[in-house]
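Got the viewer open and ready to click around? Let's take a short walk through the inside of this one, a stop at a time.

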Amino acid sequence: MTNGTATTTGLDARLEQYRVELTGYCYRMLGSSFEAEDAVQDTMIRAWRSFDKFEGRSSLRSWLYRIATNVCLDMLTAGNKRARPMDLTESTPLARAALSPRPDNTWLEPMPDSRVLPTPADPAEAAVAKESVRLAFMAALQQLPAKQRAVLILREVLAWKASEVAELLGTSVASVNSALQRARATLAERQQPGAGAAVSDPLDEEQKKLLDRYVAAFEGYDMSALTALLHEDAIMTMPPFDLWLTGADDITGFMTTLGAPCAGSRLVPVRVNGMPGFAQYKPDPEAGGFTPWAVQVLEISDGRITGFHCFLDTQRWFPLFGLPLCLEAETDQVEQGA
């Protein structure tokens with residue numbers, strides 16, 4: 001019994017070491033934080049149950065990726081493509097702004113960096129990994145057929161050889177190369193808003209100052225200061241609502257009208273989708289203190305904010321990021337756990 005337990009524990013540990021990178025792979029494939037974690041859990045269960053059939057003809061890592069790919073392809077057969085509001089509707093002028101929600105499975109979802117980004121020794125690898133979970137790239141991936149998506153991720157993000165991808169997918173090298181070419185062409189044709197976002201890793205001094213100024217402007221609800229930080233074509237989105245706004249005037253106009261209850265909010269830094277982000281807590285006039293309102297993801301380019309994306313389903317997102325579901329009135333900051 002002891003030997004069996006030890007063997008089981010050893011296998012669990014061997015499988016577990018791949019959880020973060022597999023979650024990153026499934027997240028890029030599926031566009032959903034929770035579906036990605038479900039897919040990895042399914043992968044682990046399938047691997048555990050069939051490990052006695054694993055003959056070592058490939059590495060354990062390759063074998064797990066093969067299982068994870070099959071799980072994701074099965075999940076994608078329904079044809080649902082996760083999207084951002086810009087993929088579904090035209091930008092709405094502030095005068096016609098209306099908050100119309102769509103179902104959860106419509107939306108590309110945010111993800112804490114810690115759940116999808118391993119810590120490679122090579123800084124260049126780390127930079128590629130971060131870029132490949134940014135919202136614009138994730139939205140672009142959703143435009144690809146499932147197998148092209150897998151090929152692009154394995155070849156371009158994870159740097160697998162064409163022969164390795166062909167073996168994983170049970171196809172030829174020529175087929176893999178053709179799929180990669182088609183995927184690249186599709187991405188080139190469909191440039192996503194936010195694709196030019198550029199954030200150094202770690203943040204440089206100018207970017208840190210920009211974020212400090214953003215926090216001061218947002219927490220102070222100073223629209224003049226916020227306008228100075230926004231690019232003239234900045235975009236604001238608010239899933240699960242399909243509304244999206246363009247330009248500082250409409251963004252700040254929204255914040256002082258429909259968004260007025262957010263005045264006096266507190267922001268807590270989070271690491272999300274390879275970009276700077278904040279958990280927003282807005283004042284709770286009934287219970288006191290602050291209540292969760294949004295996970296914000298900021299896109300930055302040339303020293304200004306070009307994208308301001310607020311994910312409002314706080315009962316889902318705040319636990320995912322390891323964040324508390326309330327802040328005391330005197331608390332300005334919390335330790336972010338994810």
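Start by selecting helix 14, residues 248–255, in this predicted model. Now add what its buried residues pack against: helix 12 (205–219) and helix 13 (223–229), plus strand 1 (230–238), strand 2 (241–246) and strand 6 (304–311). With those neighbours shown, helix 14 turns out to be mostly covered, with 6 of its 8 residues buried. To pick out the buried ones, click Ala248, Ile251, Thr252, Gly253, Phe254 and Met255.

Keep Met255 highlighted for the next stop. Which residues have the most contacts inside the largest nonpolar core? Met255 is among them, along with Met29, Tyr214 and Phe308. That core has 104 residues, and its largest share, 9 residues, comes from helix 4, so colour residues 60–75 to see that helix. In soluble globular proteins, nonpolar side chains tend to be buried together.

Next, zoom in on Met29. Leaving aside residues up to four places away in sequence, Met29 touches Cys72, Leu73 and Leu76, and also Gln142, Ala146, Arg149, Ala150 and Ile153.

Last stop: empty space. How many cavities of 30 Å³ or more are there? The count comes to 1, and the volume of this largest cavity is about 70 Å³. To find the spot, select Asp104, Trp107 and Glu109, then Pro239 and Pro240, then Phe311, Leu312, Asp313, Arg316 and Trp317, which line the cavity. Try colouring that lining by type: 6 of the residues are nonpolar and 4 are charged, with no polar ones.

How values were computed. Residues numbered from 1 in each chain as written. Predicted model: local features only at pLDDT ≥ 70, side-chain atom pairs only at ≥ 80, totals over all residues. Heavy atoms only, no water. Buried < 20%, exposed > 50% of the residue type's maximum accessible area, 1.4 Å probe, protein only. Helix = DSSP H or I, 4+ residues; strand = E, 2+ residues; numbered from the N terminus. Contact = heavy atoms within 4.5 Å. 1 Å grid on protein atoms, 1.4 Å probe; cavity = no way out; pocket = protein on both sides within 12 Å on 5 of 7 lines; lining within 4 Å. Points joined across faces, edges and corners; volume = space filled by probe spheres on them. Nonpolar A, V, L, I, M, F, W, Y, C, P; charged D, E, K, R; others polar. Core = buried A, V, L, I, M, F, W, Y, C linked by side-chain atoms within 4.5 Å.
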